[in-house]
Amino acid sequence: MDHTRTDWLKTALLALAATCLGAGLVLRLLGNGELASAVWTAGVVPVLIALCAEIVLSLRRGDVGLDVVAALSMGAALVFGETLAASVVAVMYSGGTFLESVAEGRARREMRDLLARVPRSATRHRNGGLQDVPLEAVVAGDRLLIRQGDVVPVDGTVVSEIAYLDASALTGEALPVRLGNGDEAMSGATNAGEAFDLVAARTAGESTYAGIIRLVEEAERSRAPMSRLADRWSLGFLALTVTLALAAWGATGDPIRAVAVLVVATPCPLILAVPVALVAGLSRAARYGVLIKGAAPLEAMAHIRTLIFDKTGTLTDGRPQIVAVDSLGGLHPDEILRLAAALEQGSKHPVAQALVQSALARGLRLPVPQAIRETPGEGVEGQVEGRAVLSGGTGFVAGRLGTDHTPRSALAAGAVLVAVAVDGIMAGHIVMADPLRAEARDVLAGLRQLGATRILLATGDREEVAHRVTEGLGLDAVRAGLTPDLKVALVQEERRNGPVMMVGDGVNDAPALAAADVGVAMGARGAAASAEAADVVLLVDRIDRIGSGLDIARQSRAIAVQSVVAGIGLSVLGMIAAAVGLLTPVEGALLQEVIDVAVILNALRALRIVPQMADRQEAETPMT
């Protein structure tokens with residue numbers, strides 16, 4: 001249903017009910033009781049009709065909630081002449097639903113801000129000039145101008161010397177990120193510096209920001225198991241309310257006792273607290289760069305005790321870094337790296353891209369290679385400034401040279417050796433390794449403090465590499481050499497002992513992410529397939545945000561439970577007081593509204609949750 005139209009109707013009903021209540025009180029004070037009663041009735045009937053229509057729609061969906069109690073209390077009050085009580089209930093009920101919509105609107109505000117920032121057009125370089133084109137017209141390979149203050153419209157590669165991007169709306173990073181020539185830029189970030197050029201990597205519909213928008217829309221439509229459980233509990237509460245009202249009427253012969261019991265139970269905080277607290281939790285998590293796809297995954301996160309991590313790109317950085325450059329001839333190590341990186345510009349292999357980024361970071365000028373021929377998974381050959389260059393595995397390069405060159409033996413587990421030949425002669429070796437993330441050890445310790453009882457590594461890499469990289473992390477188990485189906489089997493095995501969270505970033509992780517109770521994808525630069533399969537997407541390339549998400553989920557659910565228990569407990573006490581004659585219908589309605597307001601305000605505390613790792617995250621926000 002259209003939220004704007006629904007909110008307008010709620011506002012109109014509240015205004016009508018409140019106006020009639022006030023006008024009736026004035027008429028009563030002036031001594032015109034009959035007219036006052038008629039005015040109160042006029043304010044109640046539209047609210048009652050709208051409520052009955054909502055109940056019918058809910059019943060068609062198979063939902064039975066405590067709106068029935070509100071209808072019964074207003075109807076009973078009108079039948080037995082308690083028009084003032086009916087008017088108070090109408091005002092309190094319409095006010096409660098209005099307050100609920102305001103609360104949910106506030107909780108969704110940060111998510112709606114994402115939608116409001118979607119760019120509608122882009123500025124494209126074409127035929128030596130600039131032209132503004134609709135966003136849908138941008139295709140991969142287009143060169144775009146991103147002006148200061150513009151939102152990056154598509155994922156792409158920076159082709160200017162420097163760019164400063166503010167990604168705080170997406171990732172929660174407080175400071176702008178500095179990018180250089182060749183770095184990847186995420187759509188949805190804002191240009192916080194001078195204008196720069198960007199080469200589009202994909203269309204807007206396939207870019208990160210569009211995926212985020214789809215996830216937000218799905219999240220807003222979702223319902224948590226706790227919300228469905230609340231509906232089931234509402235049946236029991238409804239039965240208790242009606243039974244207590246009939247018992248009070250039967251024991252005393254006074255129908256007003258029954259009316260008083262009904263109005264105290266109207267509306268039930270159970271149906272207000274849960275969605276407000278969980279939606280607030282979703283919004284708060286998004287503020288920290290943790291996009292949770294709905295209330296159901298949020299609640300599932302609150303129960304997680306077992307976590308399984310992939311290695312590459314998750315516990316490790318996922319981008320090989322140069323450890324050493326060994327020269328076997330007369331070429332300087334920087335020249336070996338420059339020639340190899342220039343050639344590798346023609347390859348999309350992760351090692352090739354890492355070589356290019358490392359060379360650019362050292363300030364090396366990379367010419368455009370010619371006559372490139374790539375052997376997938378083995379190496380690249382071509383011409384760089386008129387020189388024949390080979391780059392790849394030692395076997396590949398030695399085979400092309402027709403030699404029996406033996407690679408050096410002292411190579412640490414997990415390291416990659418790139419051989420480089422120039423003009424038919426072996427020029428040197430570039431040693432690369434995928435390092436453990438700097439924050440990995442602290443993150444795992446923090447997860448233990450948050451209640452994680454079992455943390456495992458699941459990787460397709462060799463066992464000696466897995467053990468070397470994770471040494472000292474205190475993992476409960478390391479499973480190496482796993483294919484995607486074996487990762488799924490591991491997740492299913494661990495699920496026998498409780499809910500499991502799987503964290504990964506590659507295409508091969510997608511099946512395991514889907515099989516877990518909660519799948520978490522490193523969405524900042526992870527594969528699209530893993531992001532689609534996951535329940536949670538990290539919009540910033542930091543695993544400490546996993547702890548933030550878990551902490552926010554647990555606190556949000558705890559706030560929801562607190563609100564429900566307190567609200568229902570107070571309602572039951574009020575019903576008992578009304579049944580024994582301590583509360584009139586009007587007093588009962590006022591008491592219930594106080595309870596409802598307190599419950600909603602308590603649920604909104606989820607918007608102020610600060611996860612345990614938040615201070616550390618803000619302090620460590622990188623500038624590069």
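Start by selecting aspartate 166 and threonine 190: in strand β8, threonine 190 is the bridge partner of aspartate 166. Keep in mind as you click around that this is a predicted model. Now widen the selection to strands β5 and β8 (residues 190–191), which run antiparallel and are joined by 2 bridges.

Stay with β5, residues 162–166, and show its side chains. Which residues make up its covered face, and which the uncovered one? Ala163 and Leu165 are on the covered face, while Ile162, Tyr164 and Asp166 are on the uncovered one. Next, add strand β6 (residues 177–180), which runs antiparallel to β5 and is joined to it by 4 bridges. Zoom in on leucine 165 and you'll find valine 177 of β6 standing opposite.

**Next stop: an open sheet**

Strands of a sheet pair through backbone hydrogen bonds, either parallel or antiparallel. Select β2, β1, β3, β9, β4 and β7, in that order, and you have an open sheet of 6 strands with antiparallel pairing. Its edge strands are β2 (129–134) and β7 (184–185), each pairing on one side only. Inside this sheet, look at β4 (residues 156–158) and β9 (residues 196–200): they run antiparallel, with 3 bridges between them. Threonine 157 makes a handy marker here, as it stands opposite valine 199 in β9.

Now pick histidine 125, which lies in strand β1 (residues 121–126). Is this residue buried, exposed or partly exposed? Histidine 125 is partly exposed, because its relative accessible area is 29%, which falls between the 20% and 50% cut-offs. Leaving out neighbours within four places in sequence, histidine 125 is in contact with Leu130, Arg143, Leu144, Leu145 and Asp197. Try a distance too: from C-alpha to C-alpha, histidine 125 and aspartate 142 are 7.5 Å apart, though 17 residues separate them in sequence.

**On to another sheet**

Colour β12, β17, β16, β15, β14 and β13: these 6 strands, in that order, form an open sheet with antiparallel pairing. β12 (321–327) and β13 (370–375) stand at the edges with a single partner strand each, so one side of each has no neighbour in the sheet. From one strand to the next, the twist averages 15°.

Add helix α13 (residues 333–344), which packs on the sheet and touches β12, β14 (379–384), β15 (387–392), β16 and β17. Its direction makes about 85° with that of β15. Then bring in helix α15 (residues 394–401), which also packs on the sheet, touching β13, β14, β15, β16 and β17. The direction of α15 makes about 145° with that of β15. Before leaving, check β16 (residues 416–422) and β17 (residues 425–433): 7 bridges join these antiparallel strands, and leucine 417 stands opposite valine 431 in β17.

**Last stop: helix pairs**

Select α3 (residues 67–79) and α9 (residues 255–264), which pack at an angle of about 145° with their axes 8 Å apart. Val69, Leu72, Ser73, Ala76 and Ala77 of α3 make the contact with Val259, Leu262 and Val263 of α9. By class, that gives 7 nonpolar residues, 1 polar and no charged ones. The crossing of α3 and α9 is left-handed.

Finally, jump to α21 (residues 544–579) and α22 (residues 585–603), packed at about 170° with axes 9 Å apart. That angle is why α21 is roughly antiparallel to α22. The residues of this contact divide into 6 nonpolar, 7 polar and no charged.

Terms used. Residues numbered from 1 in each chain as written. Predicted model: local features only at pLDDT ≥ 70, side-chain atom pairs only at ≥ 80, totals over all residues. Heavy atoms only, no water. Axes fitted to C-alpha atoms, helices over the stretch in contact; angles between N-to-C directions. Left-handed = near helix turned anticlockwise from the far one by under 90°. Contact = heavy atoms within 4.5 Å. Nonpolar A, V, L, I, M, F, W, Y, C, P; charged D, E, K, R; others polar. Parallel < 35°, antiparallel > 145°, perpendicular 65-115°, else oblique. Buried < 20%, exposed > 50% of the residue type's maximum accessible area, 1.4 Å probe, protein only. Pairing = 2+ DSSP bridges.
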